[in-house]
Structures are given as structure tokens and as C-alpha cells.
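The following note sets out a few points for a colleague who has the sequence and model at hand. Please read the points alongside the display.

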Amino acid sequence: MRNLKTAILLASGCAMLAACGGGGLFNRDRPDEFAVQRQAPLVVPPDFSLTPPAPGAPRPAEGTASEQALEALFGGPAPRSEIETSAIDRAGQAAPSIRSQIGDPDTNTVAKGRVTRDIIAAPEGDGATAQTLIPG
């Protein structure tokens with residue numbers, strides 16, 4: 001029992017001393033406390049005519065949240081290419097009431113429901129037995 005206590009104390013003492021090791025006695029991998037430089041003291045600016053911001057007003061230097069998001073994602077507005085500008089010019093201006101005219105019976109739309117359903121329900125294969133149907 002006495003030898004077991006001695007062995008445990010000896011092993012724990014060796015483990016604690018091993019944890020203190022840093023690669024040798026003369027190893028200087030730590031920061032040098034004498035190499036620290038002093039920073040200049042903070043100075044209050046001489047312009048004391050600043051007005052406090054209004055409560056709830058956005059900060060003038062930061063912009064809106066959407067502008068910050070666009071800046072973070074894309075790095076700001078990019079110039080449009082000639083092709084993009086040409087396509088936008090050919091498209092023209094959208095009517096201001098375009099969203100309210102979508103349900104209008106005079107608006108031409110394409111019903112994709114039946115066609116999409118027929119494509120999905122088509123039998124698998126190489127298409128050797130496929131038939132076409134021309135609506136008339």
C-alpha cells in the first residue's frame with residue numbers, strides 16, 4: 001500500500017512538471033514585454049458644435065440595411081454591360097398597373113398544368129412508340 005502511494009505521488013509529480021515544460025529553459029517563444037510601444041493618448045476634437053442624433057434616426061455614415069447587405073454581398077453597384085443595357089432598353093417600361101392586370105380575361109397566358117402533367121405521365125422508354133397529337 002505504501003509503495004502504491006509513493007508511485008502515485010511520483011507519477012503525478014512527474015506529470016505536473018512535464019506540463020510546465022516549454023521546449024527548454026532558454027526558449028523565447030513568448031512575447032517580449034520590453035518590445036511594447038506606447039500608443040498616443042486619445043484627444044478630444046476641437047469641434048464642440050456637434051448636435052446629438054435624433055432618437056430612432058438612421059446613422060448617416062452607415063446607410064440602410066439593404067444598402068449594407070448589397071455592399072457586403074456584391075461590393076456596391078456594378079456598371080451594366082452593353083448587352084444588359086440593350087436588353088433593358090428593348091424591353092421598355094412596364095405598365096404601372098401590371099400586377100392588377102394579371103387576372104384580366106384579356107390577358108394572354110399559357111396554361112402549363114395539363115402539358116406538364118402529360119410530360120410527367122409519359123411512359124419511359126426510348127420513344128420508339130411515341131405519338132404526336134396536333135390539336136385542331
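1. Helices (H or I, at least four residues) and strands (E, at least two) are DSSP runs, numbered from the N terminus. By this rule the protein has four helices and zero strands, and the order of elements from the N terminus is α-α-α-α.

2. This is a predicted model, in which local features need pLDDT of at least 70, side-chain atom pairs count only at pLDDT 80 or more, and totals for chains, interfaces and linings use all residues. Residues are numbered from 1 along each chain as its sequence is written, and side-chain values use heavy atoms, with hydrogens and water left out.

3. The mean pLDDT (the predictor's confidence in each residue, from 0 to 100) is 76 for the protein, and 80% of its residues reach 70 or more. Among the elements, α3 has the highest mean, 90, and helix α4 (residues 113-120) the lowest, 78.

4. Buried means under 20% relative accessible area (1.4 Å probe, protein chains only). Of the 136 residues of the protein, 1% count as buried. The protein exposes about 14300 Å² (Shrake-Rupley method, 1.4 Å probe), and carbon and sulfur atoms supply 61% of that area.

5. Helix α1 (residues 2-19) contains L4. The helix has 18 residues and reaches 26 Å from its first C-alpha to its last, close to the 26 Å expected (1.5 Å times one less than its number of residues). Because the number of buried residues in α1 is zero, this helix lies largely in the open.

6. Helix α3 (residues 82-91) is hardly covered, with zero buried residues among its ten. G92 follows α3 and has a positive phi, near 80°.

Terms used: Buried < 20%, exposed > 50% of the residue type's maximum accessible area, 1.4 Å probe, protein only.
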